[in-house]
Amino acid sequence: MLHIRIAGELQEMASDEVLEHVSASAYKRVRKGDDKPEFRAYVIGHEGESEGKVVGIGKVIKKWARSAIANITERLAVGTKVFHLHEMTNDHEGRKPIGEVVGKALSEVAGRLSSIAVMYIYPEYRDMPLD
């Protein structure tokens, strides 16, 4: 029997801190349709190495420089739809979004520059296990 142990460090942002990265106009727009909106902050990239799959190539190790992480944050657009899990391609056709990006930030997390996306999760998807 194969046993795998994964160790990680969980860090959370206080809800006030999360809201600091949501513009007043985005907050007002979300509140029009949801009395109790839920906002979550996720690190979407950080400097250093990451392992993942690249569509059409497969598993690769990527090295991320500070400038690349800053670029990710700069290009991330408020209003970008958020989907659950990945598909074999980057095609969004036929997929239902579970939320949208409402804010972003660059921050030092555990000594590495990190790109953070603040997402509004639609009410019907709030109980899903998201990471």
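Buried residues account for 29% of the 131 residues in the protein chain. The model is predicted. The accessible surface of the chain comes to about 9,800 Å², and carbon and sulfur atoms hold 52% of that surface. Among contacts between residues at least 6 apart in sequence, 53% join residues at least 24 apart.

**Fold and sheet**

The protein chain has 3 helices and 6 strands. In sequence order they read α-α-β-β-β-α-β-β-β. An open sheet is built from 4 strands, ordered β1-β6-β5-β4, with antiparallel pairing. β1 and β4 (81–82) are the edge strands; each has a single partner strand, so one side of each lacks a neighbour in the sheet. Helix α2 (residues 24–33) packs on this sheet and touches β1, β5 and β6. The direction of α2 makes about 140° with that of β5.

What joins β4 to strand β5 (residues 99–109)? The link consists of 2 bridges, and the two strands run antiparallel. Across this pairing, Lys81 stands opposite Glu100 in β5. In general, strands of a sheet pair through backbone hydrogen bonds, either parallel or antiparallel.

**Aromatic pairs**

The whole structure holds 3 aromatic pairs. One of them is Phe39 with Tyr120: the ring centres lie 6.0 Å apart and the planes meet at 50°, so this pair is tilted. Phe39 sits in strand β1 (residues 38–46) and Tyr120 in strand β6 (residues 112–121), so the pair ties together parts that are 81 residues apart in sequence. Is Phe39 buried or exposed? Phe39 has 16% relative accessibility and counts as buried. Tyr120 is buried too, at a relative accessible area of 7%. Ring pairs also bring in Tyr27 and Tyr122, linking them with Phe39 and Tyr120 into a cluster.

**Salt bridges**

The count of salt bridges is 8. The table gives some of them, with the N to O distance.

| Acid | Base | N–O distance |
|---|---|---|
| Asp34 | Arg126 | 2.3 Å |
| Glu47 | Arg66 | 2.7 Å |
| Glu100 | Lys81 | 3.9 Å |

Take the salt bridge between Asp34 and Arg126, with closest N and O atoms 2.3 Å apart. Asp34 lies in the loop between α2 and β1, and Arg126 in the segment after β6, so the pair ties together parts that are 92 residues apart in sequence. Both residues, Asp34 and Arg126, are buried.

Glu47 and Arg66 meet through their side chains at 2.7 Å, N to O. Glu47 belongs to the loop between β1 and β2 (48–54), while Arg66 is in helix α3 (residues 66–75), so parts 19 residues apart in sequence are tied together. Glu47 is buried at 16% relative accessibility. Arg66 is partly exposed, with a relative accessible area of 40%.

Glu100 and Lys81 form a salt bridge whose closest N and O atoms are 3.9 Å apart. Why does this pair count at that distance? The cut-off is 4 Å between a side-chain nitrogen of Lys or Arg and a carboxyl oxygen of Asp or Glu, so 3.9 Å qualifies. Glu100 is in strand β5 and Lys81 in strand β4, 19 residues apart. Glu100 counts as buried at 7% relative accessibility. Lys81 is partly exposed, with a relative accessible area of 40%. Through shared partners, salt bridges join Arg29, Lys81 and Glu100 into one network.

Note on methods:
Residues numbered from 1 in each chain as written. Predicted model: local features only at pLDDT ≥ 70, side-chain atom pairs only at ≥ 80, totals over all residues. Heavy atoms only, no water. Buried < 20%, exposed > 50% of the residue type's maximum accessible area, 1.4 Å probe, protein only. Contact = heavy atoms within 4.5 Å. Areas by Shrake-Rupley, 256 points an atom, 1.4 Å probe, with all protein chains shown as cover. Phe/Tyr/Trp six-rings, centres within 6.5 Å; stacked < 30°, edge-to-face > 60°. Pairing = 2+ DSSP bridges. Axes fitted to C-alpha atoms, helices over the stretch in contact; angles between N-to-C directions.
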